[in-house]
Amino acid sequence: MNEHVQDVLRANSKKKGLSFEEKRTRMIDLLYEKKDFFQLKDLERMAPKEKGITSQSVKEVVQSLVGDTLVDTDKIGTSIYFWAFPSKASQNRKRKMEDLTNKLKEVERKKRDVQSHLAKAKIGKDNTEERSAVLSDLSEAHNTVHKLEAELIKYRESDPEVLEQQKKETATALEAANRWTDNVFSIKSWVKNKFCFEERILDQQFDIPSDFDYIE
């Protein structure tokens with residue numbers, strides 16, 4: 001990963017705490033990049049430096065990923081090792097997403113059936129047992145759809161292809177930010193030389209922060 005991007009990630013994690021899902025995503029990212037086997041103590045040493053994940057939370061994050069089968073683990077002798085490779089993860093995730101998509105389609109079909117029954121039950125507008133049962137089925141279908149959609153989003157966010165795209169977008173954004181910073185400095189220099197402005201006055205006039213600088 002680009003060193004500038006790593007610095008930005010660490011700086012952002014210091015400014016505000018990472019959410020648990022952000023920690024999970026960065027831990028997966030770390031294992032995908034290393035493509036190796038690690039003990040917990042190795043991850044506790046690397047994660048804070050390379051991904052901005054506090055060493056105290058590494059164990060909980062790794063265990064949650066193991067529980068979701070996103071990270072593999074095995075005991076060799078007296079040591080426990082953890083690993084995750086993009087190729088296997090992609091295959092598992094695609095199968096999981098296909099399964100979730102099929103379930104979602106089935107639930108949505110059931111939801112349409114329930115809505116049709118509900119429409120018929122509304123004709124008499126009586127609060128019958130049938131109508132109550134249909135309403136209950138519809139509520140359950142709604143909840144199931146929301147859960148499946150949320151799970152699909154979670155798997156998409158951990159997809160190696162999505163992570164790689166996010167890294168590219170972060171690097172592009174960083175480059176663009178520094179390019180505009182360079183433009184601002186050039187304009188400031190031209191204005192100061194052309195109109196004999198003091199830099200302090202120029203910054204105040206155009207609301208430029210005193211600590212305005214390149215992102216490193």
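**Exercise 1. The chain as a whole**

What percentage of the 216 residues in the chain do buried residues make up? Describe also the order of helices and strands.

*Solution.* This is a predicted model, in which local features need pLDDT of at least 70 and side-chain atom pairs count only at pLDDT 80 or more, while totals for chains, interfaces and linings use all residues. Residues are numbered from 1 along each chain as its sequence is written, and side-chain values use heavy atoms, with hydrogens and water left out.

Step 1. A residue is called buried under 20% relative accessible area, exposed over 50%, and partly exposed in between (1.4 Å probe, protein chains only). Buried residues account for 32% of the 216 residues.

Step 2. Helices (H or I, at least four residues) and strands (E, at least two) are DSSP runs, numbered from the N terminus. The chain has 8 helices and 2 strands, in the order α-α-α-α-β-β-α-α-α-α.

Step 3. Contact means heavy atoms within 4.5 Å. Of the contacts between residues at least 6 apart in sequence, 65% join residues at least 24 apart.

**Exercise 2. Helix α3 and its two faces**

Determine the span of helix α3 (residues 40-51), and state which of its residues are buried.

*Solution.* Step 1. The expected span of a helix is 1.5 Å times one less than its number of residues. With 12 residues, α3 reaches 15 Å from its first C-alpha to its last, close to the expected 16 Å.

Step 2. Asp42, Leu43, Met46, Ala47, Glu50 and Lys51 are the buried residues of α3. They lie on the same side of α3, because they cover an arc of only 115° around the axis; the arc is that of the directions from the helix axis to the C-beta atoms.

Step 3. An α-helix has 3.6 residues a turn, so residues three or four places apart point the same way.

Step 4. On the face turned away from the buried side, α3 carries the exposed residues Lys41, Arg45 and Lys49.

Step 5. Glycine 52, with a positive phi near 70°, follows α3.

**Exercise 3. Helix α2**

Compare the end-to-end distance of α2 with the span that its 15 residues should have.

*Solution.* Step 1. The end C-alpha atoms of α2 are 21 Å apart, which agrees with the 21 Å that its 15 residues should span at 1.5 Å a residue.

Step 2. Buried residues in α2 include Arg24, Met27, Ile28 and Asp29.

Step 3. Lysine 35 follows α2, and its phi is positive, near 50°.

**Exercise 4. Salt bridges**

How many salt bridges does the structure hold? Examine three of them through their partners.

*Solution.* Step 1. A salt bridge is a side-chain nitrogen of Lys or Arg within 4 Å of a carboxyl oxygen of Asp or Glu. The structure holds 6 of them.

Step 2. Arginine 24 and aspartate 68 meet in a salt bridge at 2.9 Å, N to O. Arginine 24 lies in helix α2 (residues 20-34) and aspartate 68 in the loop between α4 (55-67) and β1 (72-76), so the pair ties together parts that are 44 residues apart in sequence. The relative accessible area is 4% for arginine 24, which is buried, and 23% for aspartate 68, which is partly exposed.

Step 3. In the salt bridge between lysine 51 and aspartate 29, the closest N and O atoms are 3.0 Å apart. Lysine 51 belongs to α3 and aspartate 29 to α2, so this pair ties together parts 22 residues apart in sequence. Both residues of the pair, lysine 51 and aspartate 29, are buried.

Step 4. Arginine 45 pairs with aspartate 42, with the closest N and O atoms 3.5 Å apart. Both lie in helix α3, 3 residues apart, about one turn of the helix. Arginine 45 is exposed at 55% relative accessible area, whereas aspartate 42 is buried at 17%.

Step 5. Salt bridges that share partners join Glu21, Arg24 and Asp68 into one network.

**Exercise 5. The nonpolar cores**

Which residues have the most contacts inside the largest nonpolar core?

*Solution.* Step 1. A nonpolar core is a set of buried Ala, Val, Leu, Ile, Met, Phe, Trp, Tyr and Cys residues joined through side-chain atoms within 4.5 Å.

Step 2. The largest nonpolar core has 19 residues, and Met27, Leu43, Val58, Leu65 and Val71 have the most contacts inside it. Two or more residues come from each of α2, α3 and α4, and α2 gives the most, with 5 residues.

Step 3. Leaving aside neighbours within four places in sequence, leucine 65 is in contact with Arg24, Met27, Ile28, Leu70 and Val71.

Step 4. Another core, of 5 residues, lies apart from the largest one and includes Leu100, Leu104, Val107 and Val145.
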